[in-house]
Amino acid sequence: MRRRFIAGNWKMFNGPSATSEFMSAFVPKLASSEDIASNINKGMMEVAVFAPFVSLDAATKGKEGSPLIVGAQNMHWEKSGAFTGEVSAPMLKELGCTHVIIGHSERRHIFRETSEDLHKKLLAALEENLTPVFCVGELLEERESGSTFDVIRKQLMAGLKVMDGSDVADKIIVAYEPVWAIGTGKTASSEDAQEVCAFIRKLLADTFGEGVAEKTIILYGGSVKPENTASILSMKDIDGVLVGGASLKPDSFLGIAKAAVQ
Ligand code: PGA
């Protein structure tokens with residue numbers, strides 16, 4: 001059975017003090033919620049927060065002793081160099097990060113990151129043993145014009161090209177986030193999300209083999225809340241959720257983790 005992966009993407013919210021406050025409230029709640037703690041201990045679930053760069057130190061210090069995972073939302077592909085404003089994978093590791101989001105739709109569309117950039121970032125993350133959460137997703141006009149599967153195929157294959165199947169299965173998490181469902185309150189129906197996640201798994205099977213496809217963790221993201229988590233996770237090919245707005249408050253994020261207990 002694949003483990004569940006419950007991820008909070010804080011975006012440009014929760015600075016260092018808000019992060020410390022979040023950790024002081026969330027970490028004890030996570031530990032005392034018996035069903036979640038037991039799922040985590042048995043390796044059936046992982047819970048992660050992806051904090052802004054400046055809050056990562058507060059996050060890793062605040063979670064000390066807890067199995068909560070701390071990750072970053074972006075990184076550069078070079079280890080160091082003249083790249084003003086950028087942060088590298090070794091720097092993230094030094095802060096205690098183990099995971100990093102690559103290719104979130106806001107990075108693709110607002111900051112114009114290309115598939116080639118994202119491919120380089122994925123390779124650089126793997127080289128440093130950071131687990132990338134690699135995001136793919138179509139725009140509303142792409143869905144309406146019937147090109148969803150084409151867009152997903154191109155984004156996924158451009159990111160994962162030349163990779164080893166075992167890296168994909170063991171070290172990469174894929175997140176399907178339809179852009180029209182992000183921060184809009186419009187969730188894709190569980191069936192629509194399942195259809196695309198099943199398509200992703202099939203692409204992985206065709207490219208890397210059944211074994212890899214069966215092992216790979218695939219998340220859905222876009223207006224996930226405590227109330228719709230169980231229905232989304234009841235779908236066969238959806239192993240977890242990537243949550244924006246509803247991950248900012250400890251109780252709501254905990255509600256999502258509770259709904260994910262298996
Ligand atoms: P949302 O964001 O849950 O606020 O829709 C999801 C995401 O962008 O990862």
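A residue is counted as near the ligand if one of its heavy atoms lies within 4 Å of the ligand. In this predicted model, 14 residues surround the ligand, and those that come nearest are Lys 11, His 104, Glu 177, Gly 183 and Ser 223. Grouped by class, this shell consists of seven polar, five nonpolar and two charged residues.

Polar contacts to oxygen atoms of the ligand involve both side-chain and backbone atoms of the protein. From the side chains, a polar atom of Lys 11 is placed 2.7 Å from a ligand oxygen. From the backbone, an N or O atom of Gly 183 lies at 2.6 Å from an oxygen atom of the ligand, and a backbone N or O atom of Gly 244 lies at 2.8 Å from a ligand oxygen. The ligand taken alone exposes 280 Å², of which 94% is buried by the protein. With regard to the protein surface, the space that the ligand takes corresponds to the second largest pocket.

Aromatic pairing was examined over the whole structure, and the search returned five pairs. One of them is formed by Phe 149 and Phe 199, whose rings are tilted, with a distance of 4.6 Å from centre to centre and an angle of 45° between the planes. This pair links distant parts of the chain, since Phe 149 belongs to helix 8 (residues 148–160) and Phe 199 to helix 10 (residues 190–208), the two residues being 50 residues apart.

Key
Residues are numbered from 1 along each chain as its sequence is written. This is a predicted model: local features need pLDDT of at least 70, side-chain atom pairs count only at pLDDT 80 or more; totals for chains, interfaces and linings use all residues. Side-chain values use heavy atoms; hydrogens and water are left out. A polar contact is a pair of N or O atoms within 3.5 Å; within protein, one must be able to donate a hydrogen and the other to accept it, and residues adjacent in sequence count only if both atoms are side-chain atoms. Accessible areas come from the Shrake-Rupley method with a 1.4 Å probe; for residues, only the protein chains shown count as cover. On a 1 Å grid over the protein atoms alone, a cavity is a set of points where a 1.4 Å probe fits but cannot get out, and a pocket is an open set with protein on both sides within 12 Å along at least five of seven lines; lining residues have an atom within 4 Å of a point. A molecule sits in a cavity or pocket if more than half of its atoms lie within 2 Å of its grid points. Ala, Val, Leu, Ile, Met, Phe, Trp, Tyr, Cys and Pro count as nonpolar, Asp, Glu, Lys and Arg as charged, and the others, Gly among them, as polar. Rings of Phe, Tyr and Trp (its six-membered ring) pair if their centres lie within 6.5 Å; planes under 30 degrees apart count as stacked, over 60 as edge-to-face and the rest as tilted. Helices (H or I, at least four residues) and strands (E, at least two) are DSSP runs, numbered from the N terminus.
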